[in-house]
Structure formats: C-alpha cells, structure tokens
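Work through the exercises below with the structure open beside you. Try each task before reading its solution.

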Amino acid sequence: SCVVFCFVFLLQVLNEKKLQEVDSLWKEFETPEKANKIVKLKHFEKFQDTTEALAASTALVEGKLSKNLKKILKKIVAKDAHEQLAVADAKLGGVIKDKLNLSCIHSPMVTELMRGIRSQIEGLITGLPSREMAAMCLGLAHSLSRYKLKFSPDKVDTMIIQAISLLDDLDKELNNYIMRCREWYGWHFPELGKIITDNLTYCKCVRKVGDRSNFASSDVSDILPEEIEEDVKAAAEISMGTEVSEEDINNIIHLCDQVIEISEYRTQLYDYLKNRMMAIAPNLTIMVGELVGARLIAHAGSLLNLAKHPASTVQLLGAEKALFRALKTKRDTPKFGLIYHASLVGQTNTKNKGKISRMLAAKTALTIRYDALGENTSAEMGAENRLKVETRLRLLEERGIRRISGTGKALARTDKYQNKSEVKIFDPSGDSTLPAVSKKRKIQEVEEQDTEAAVKAKKFKAEMK
C-alpha cells in the first residue's frame, strides 16, 4: 500500500517467485509491460482535495495510520486476510498489525518492489496523464514543505539563535557609536569623559545639556550624583576644549539619541531572550546562564543538535581553531570554549578553571539532553547539578581532605612513635686533625741553609776562573 500525490491505490502481486530475486528485480520493471506482469491494480481511490491528501501524507511520514487508509484496508484487505501486506515503512506496518490484525512484511525485497512501482507508476495506473501527475506531485510537495516549516518543533530554537546573534550585533554597534560619541564630544569638553565613566550616563548627560557652557545653569541631578555633578560644573568652567557650532552639537545629540534607543532595545531583547531560554531550556539556563546557553545552542545549530554532542565537545565548543592549532603543533589543547564565560568558571581561580570547566561541561550535557528530550519542563535537575558543581568548587578552593582508599591508606599511615633512651659516650679522637709535630722550620735551620748555599756559590766561581 502506498499514497502517491492525490490518490490511494493498492496493488496485488501476481508472480511472487520473481520477487525472491532481489538483485535482478529491477529488470522486471524496465518497461510498463513487464511491470504489469508482476503487479496489477486492485483498488484506486482519489482524494477530495489537497488538504485531505496532505493529512494522509503527513500521517504516513510520521508512521501513523490515516482514516482513509484505515477504511480501505478494512474493506479490501480484510477479505484476503490470509495474504501478507507489503509496506515500505516498518513503523507503519507495526501500527497496521496492531490496529487491524493484518500480517505485514517489510524487507529489502519490498524496498526494491516499491522502487520499481514508483518508476512505472504511469503505466500501472492508466487514464492519468503525465502532466497532471507532475502537477499533483508539485502541489503536494509544496503543501507538505509548508506544513513542516509551519509546525516544526525546531523553529523555537531559531528564535533563540536569532536573538543572541542580534544581541551580539547590538553590542558591537553600541560600542562603535559610544566611542564615536566620546571622541566627537571630547573635542568640545574632553574632561567630561574622565569624570563620567558610564557610557549611557555620558550620552544622557550630553543630550540634556548640549554645549558645555550650559552645565553651569543646567540641573543634571536626575542623571548624576551630587558630587560628580559639582565636578562636572567645575570642569566645564576651566575646560580646554575647542568651541563648536550649534549644528555640531545637534548632530552629537542625535547620535546620543541613537545610543540611548539602542541601549533600551538591547535591555528589552535581553529580557525576551531570558524568558525564551527559561521556557525552552530551563536546566541549561540555570547551569551556565542565559547568554552562554543561547550561544551554545546557536553554535550547535539547535537544541537537539547540541544534545547529541558529548560533554567533551560541549566543553570545547567555540575553541575549534585553538584545538586544531594545538593538535597540528603538538601543544597542549585548550581546556574550555564558550563555557569559559559561565559564572561558575569565572569565579574559579586559574589553577582550578580546567577541572571546574570539565565538570561543568559534564553536568551541562546532562541538562541539555533533559531539556531537549525530556517531557518534564521543571528546572530541578539543573539546580541539583549546579549545587554539585558549587560544592566541588568549594572543596577545591578550600583544599578539602579527600578520602583515601585501597593502597593509598597504607601509604598514608605514619609509624607509631617510640621514645628510645640510649646512653652514648663522647669520643674525643675526632676533635683535632692537626699533627703532633709542627712542620714549620726554625730560624737557625734557615740561616745554616743560607750559609751553605753561599759557600757553594764561591767555589763554583773559583772553578770557572
């Protein structure tokens, strides 16, 4: 049984012996005449409209039994209950067997038979022009594609991916705009940039006051604290900045408006992303936070794709370049990727970052699978796993005592101390190493040697003469 385009039909096999030769079965469907010798049309029923055909096709794709197919099988096949029904989908065959108690068969032979039937469908079903067949095929294909896109369970992930990408783009644009605003207004009032460090406060202050000469008469207490306001007014009086025209100030104020609007939209977008993450992946959000969780989903493509990754891959997501560079140069591989920005890794000292990131990745992989494949939407599992990681982090930082088992206990044992009192006698022989007789020559011996040398020298001179 199969559904093709906008009609349902049943075919009966005529020569079952030919079907046993699976490798050469395609030869029996080379021409319509050969195909008609193998199978013949037993029942044909047309759908009323494309909606009915779409419902039947969707049910078949999902391995379910549609109402039309159920009626046909009850009427036609129930008469020949002793015969087997060949189905292309094993899941659908199981459903038919359970609901209608019909014997179904699914094998490589059935797959080859279905392929042959599709190739010669125009010859097996007479009275249907090929142009109409192509039009029905195209129409149903478009309807099925639209349905899948409209009711796709993965489309929720797309919202998160787009939101986090837009959030990153907004951060880059905000950074560029704020740098340009500070540099531009800095020519007029350079001291203001050192006094006000917050970017949004800086832009609000510039938009409200405009020219630096207006600071003395303006009230910015709703934007700045009292101490900073006094510093700004004092700096405005002795500022070394250049004078600018009113048109320049208007353009700078317009840029400040853009920065403030984008900042407000970014805050709104962050709240939207936070709510989306808590609805779709609550356990992942609790483990690593909204931003890191959204970036992991965006990097993998979807939550389901991320759930297929092992913990080691989750740990290194985002550090692929560093990993392959380390493998190529035979150096140490990186210990973390996007997960480095999680709060648990950030609050760890440098020595323990690798250990905590590995444990966090393992627990995060579990929470991702629970969010993607689990039916329960509670965040209890994420809270429990986060507590385990925090406990481990506390033990590492406090250098907690680990349990020793096995041979480690024997090595860790210390011998029992026993006080042994022994009386030892002092040996004075090792006190001095000097010889008993001094080796220094006396003065008399030196004088005698000198006189002997003088006598020998006189005799030698006399002989020479």
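**Exercise 1: A residue and its core**

Find the residues that tyrosine 185 touches in this predicted model, leaving aside its neighbours within four places in sequence.

Solution. Begin at tyrosine 185 and look past the residues within four places in sequence, and the contacts that remain are Leu192, Tyr202, Val206, Gly210, Asp211, Arg212, Phe215, Ile249 and Ile252. Next, place this residue in its wider setting: the largest nonpolar core has 61 residues, and Tyr185, Leu192 and Phe215 are the ones that touch the most other members. Then ask where the members come from, and you will find that helix H13, which spans residues 246-280, supplies the largest share of this core with 12 residues. Finally, note that a second, separate core holds 13 residues, among them Phe29, Val39, Leu113 and Ile125.

**Exercise 2: Two packed helices**

Determine how helix H20 (residues 353-373) and helix H21 (residues 380-398) are oriented to each other.

Solution. Start with the geometry: the two helices pack with their axes 10 Å apart, at an angle of about 175°. An angle over 145 degrees counts as roughly antiparallel, and therefore H20 and H21 are roughly antiparallel to each other. Now examine the contact, to which H20 contributes residues including Ile356, Met359 and Leu360, while H21 contributes residues including Met381, Val389 and Leu393. Sorted by kind, the residues of this contact comprise nine nonpolar, three polar and four charged.

**Exercise 3: The whole protein**

Describe the protein as a whole, beginning with its helices and strands.

Solution. First, count the elements, which gives 23 helices and five strands. Second, consider burial, for which 33% of the 465 residues count as buried. Third, turn to the surface, where the protein exposes about 31,300 Å², with carbon and sulfur atoms supplying 53% of it.

Key
Residues are numbered from 1 along each chain as its sequence is written. This is a predicted model: local features need pLDDT of at least 70, side-chain atom pairs count only at pLDDT 80 or more; totals for chains, interfaces and linings use all residues. Side-chain values use heavy atoms; hydrogens and water are left out. A nonpolar core is a set of buried Ala, Val, Leu, Ile, Met, Phe, Trp, Tyr and Cys residues joined through side-chain atoms within 4.5 Å. Buried means under 20% relative accessible area, exposed over 50%, partly exposed in between (1.4 Å probe, protein chains only). Helices (H or I, at least four residues) and strands (E, at least two) are DSSP runs, numbered from the N terminus. Contact means heavy atoms within 4.5 Å. Accessible areas come from the Shrake-Rupley method with a 1.4 Å probe; for residues, only the protein chains shown count as cover. Axes are lines fitted to C-alpha atoms, for helices over the stretch in contact, and angles run from 0 to 180 degrees between N-to-C directions. Angles under 35 degrees count as roughly parallel, over 145 as roughly antiparallel, 65 to 115 as roughly perpendicular and the rest as oblique. Ala, Val, Leu, Ile, Met, Phe, Trp, Tyr, Cys and Pro count as nonpolar, Asp, Glu, Lys and Arg as charged, and the others, Gly among them, as polar.
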